[in-house]
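Student: I have a structure open and would like to understand the words people use for it. Could we go through them together?

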Amino acid sequence: MGRHGVVIGAGIVGLFVARELLADGWEVTVVEGDQHSGTSAGNAGMIVPSHFVPLASPGMLRAGFRMMGRKGAPLRLKWDGSSNSTRWILGYLAHANRRHVAASADPLLALSLDAKRRYESWARERGDIDLGDQGLLMVSRTEQSHSEEADVAREGERLGLDVAVLDGDAARGIEPTLGENVVGAVHFRDDACLTPTQVLAALRMELGPHITFAKAMGWVKTHGSVSALRTDQGEVSADKFVVAMGASSVPLLREAGCPLTLLPGRGYGITLDPDPSAMPRVPALLIDDRVSVTPMIDGLRVTGGMEIGVWDEPIDQARLESLRRGLAAHYPELTELPWDRERVWRGWRPLSPDGLPYIGEALPGSNVYVATGHGMMGVSLAPATGAMIAAMIEGREPSVDPKPFHPRRML
C-alpha cells in the first residue's frame, strides 16, 4: 500500500488529521485554498463534553420556532429552494426528537472525551499550549431556561460527567462578574477551553513544510478511482485523500460519489479587550441570548448567531447588536465596552442535518475520506477526528466507535 496522503483543508480538523497521519509514518500534503485562518480561528475555543445533545433536538427546534421572524434573533434558517437545502431541512425535522438525542449522547460524549484527552496530552508534550480547566457555565436569566438546562445536567450526571446546578448567588460565587439578574447556571466541570489562534499557530508550525496553498478544483480518476487532486497549481497525486474543508466540502465530495447533505451555519464573533478587573474568569454560554463568552490569552472572545444556509450576505447588524446586548445583559461591567466593528469575525460552521459530524470513507472501499460536519464543535472534536481517520486509513480499530459518524448514514 502507498503511503502518501493528501488532506484538503488546513482548518483545525484537517491539521489534526495530517498530524496523526504523519505520526503513523505517512508522507502528507495539506492543500489549503485560503491563506487566512478561516473559520477555526474565530471559534469560541471551548472543549465541550457537555455538548452531548446534538443540534437536531426538540429543544433547539422549539427555540428556533420561538425566534422565527424576530429581528436580530440569534437563529435563522434560509431556504434557497435547492435540493440540498430541502434535504437538510427534512433531515433535521426527522432527527429533532428524543429518540435521536438519546442515541447520540453516548457517541458524542465519547468523541468529546477522547478529544479532550488528546488535547491534554498534546499540551503536556508541547508545554506552550494554554488549556483552561475552569469548566463551562451554562448561564440563565430566566427560570425556564435554567430548568431546561438542569434537566440536561441530570442527564450529564447519568452519563458520568461532573456537573453542578447553581442558583444565582452560587453562580456569582464562581463568576463574580455576572449580574444580579442571572437566576442560575449549570457548571460542567469536565469542559475546558483554549485559544484557537494559539493552537492553529502551533499546528501550522509543526506541519508548515507539509502545507501548500492551492485551490482544490476536482479529482483525477484512473480506472474509476481517485488518483490525484486537481488544483489551480497543478495535480497532487496520493494514495489516500481526506476532505476536511468544513462547509465548503460538498462539491468535492459529490464528485467523489458521496453527496453529503451539509449547510453552512454562519456565526459572528469579536475579541474584546476589557479591563482585567471586568474580565470573566470562566467560559460561559448565555442560554437565553445564545451567546458564548471565553477568556483567552488575547482577550475576551464573544461569539454567537447561527444563520443556517447563509453564505455571502452582508453582516446582519441587528444580529450583531443582539450579540452585544446579550453580553451586556449578563456582565454589567462590560455594558459600555467599545465594539470595533472592523474586528468582527464571520465563520461558516459545517452543519449536518442530524447534528453529528461526518467521519469516514466517502464510499465503501474508497480512498477518499470525509472529516466535516462538526458544526460549532470543530475545535472541540478535532484531535479525536484526526485519530479516527488515521486509524481507519491504517486499518486499526478506532478508539471511539465510528459507526454513528459514518458519512453515508443518511444517503
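Student: Why are H5 and H11 called roughly perpendicular to each other?

Tutor: Happy to help! First, this is a predicted model, where local features need pLDDT of at least 70, side-chain atom pairs count only at pLDDT 80 or more, and totals for chains, interfaces and linings use all residues. Residues are numbered from 1 along each chain as its sequence is written, and side-chain values use heavy atoms, leaving out hydrogens and water. Now, the axes of helix H5 (residues 98-126) and helix H11 (residues 378-394) cross at roughly 90° and come within 7 Å. Angles of 65 to 115 degrees count as roughly perpendicular, so H5 and H11 earn that description.

Student: What makes Leu111 and Asp114 in H5 part of the contact with H11?

Tutor: Contact means heavy atoms within 4.5 Å. Leu111 and Asp114 are among the H5 residues that meet H11, where the partners include Val379 and Met388. The residues of this contact divide into 10 nonpolar, 2 polar and 2 charged.

Student: How do you know that arginine 3 and glutamate 394 form a salt bridge?

Tutor: The rule asks for a side-chain nitrogen of Lys or Arg within 4 Å of a carboxyl oxygen of Asp or Glu. For arginine 3 and glutamate 394 the closest N and O atoms are 2.6 Å apart, so the pair fits the rule. Arginine 3 lies in the segment before strand E1 (4-8) and glutamate 394 in helix H11, so the salt bridge ties together parts that are 391 residues apart in sequence. By this rule the count comes to 25 salt bridges.

Student: What makes an empty space a cavity?

Tutor: On a 1 Å grid over the protein atoms alone, a cavity is a set of points where a 1.4 Å probe fits but cannot get out. The search of the whole structure finds 1 cavity of 30 Å³ or more, and the largest cavity has a volume of about 50 Å³. Helix H10 (317-330) gives the most to its lining, with 3 residues.

Methods:
Axes fitted to C-alpha atoms, helices over the stretch in contact; angles between N-to-C directions. Helix = DSSP H or I, 4+ residues; strand = E, 2+ residues; numbered from the N terminus. Parallel < 35°, antiparallel > 145°, perpendicular 65-115°, else oblique. Nonpolar A, V, L, I, M, F, W, Y, C, P; charged D, E, K, R; others polar. 1 Å grid on protein atoms, 1.4 Å probe; cavity = no way out; pocket = protein on both sides within 12 Å on 5 of 7 lines; lining within 4 Å. Points joined across faces, edges and corners; volume = space filled by probe spheres on them.
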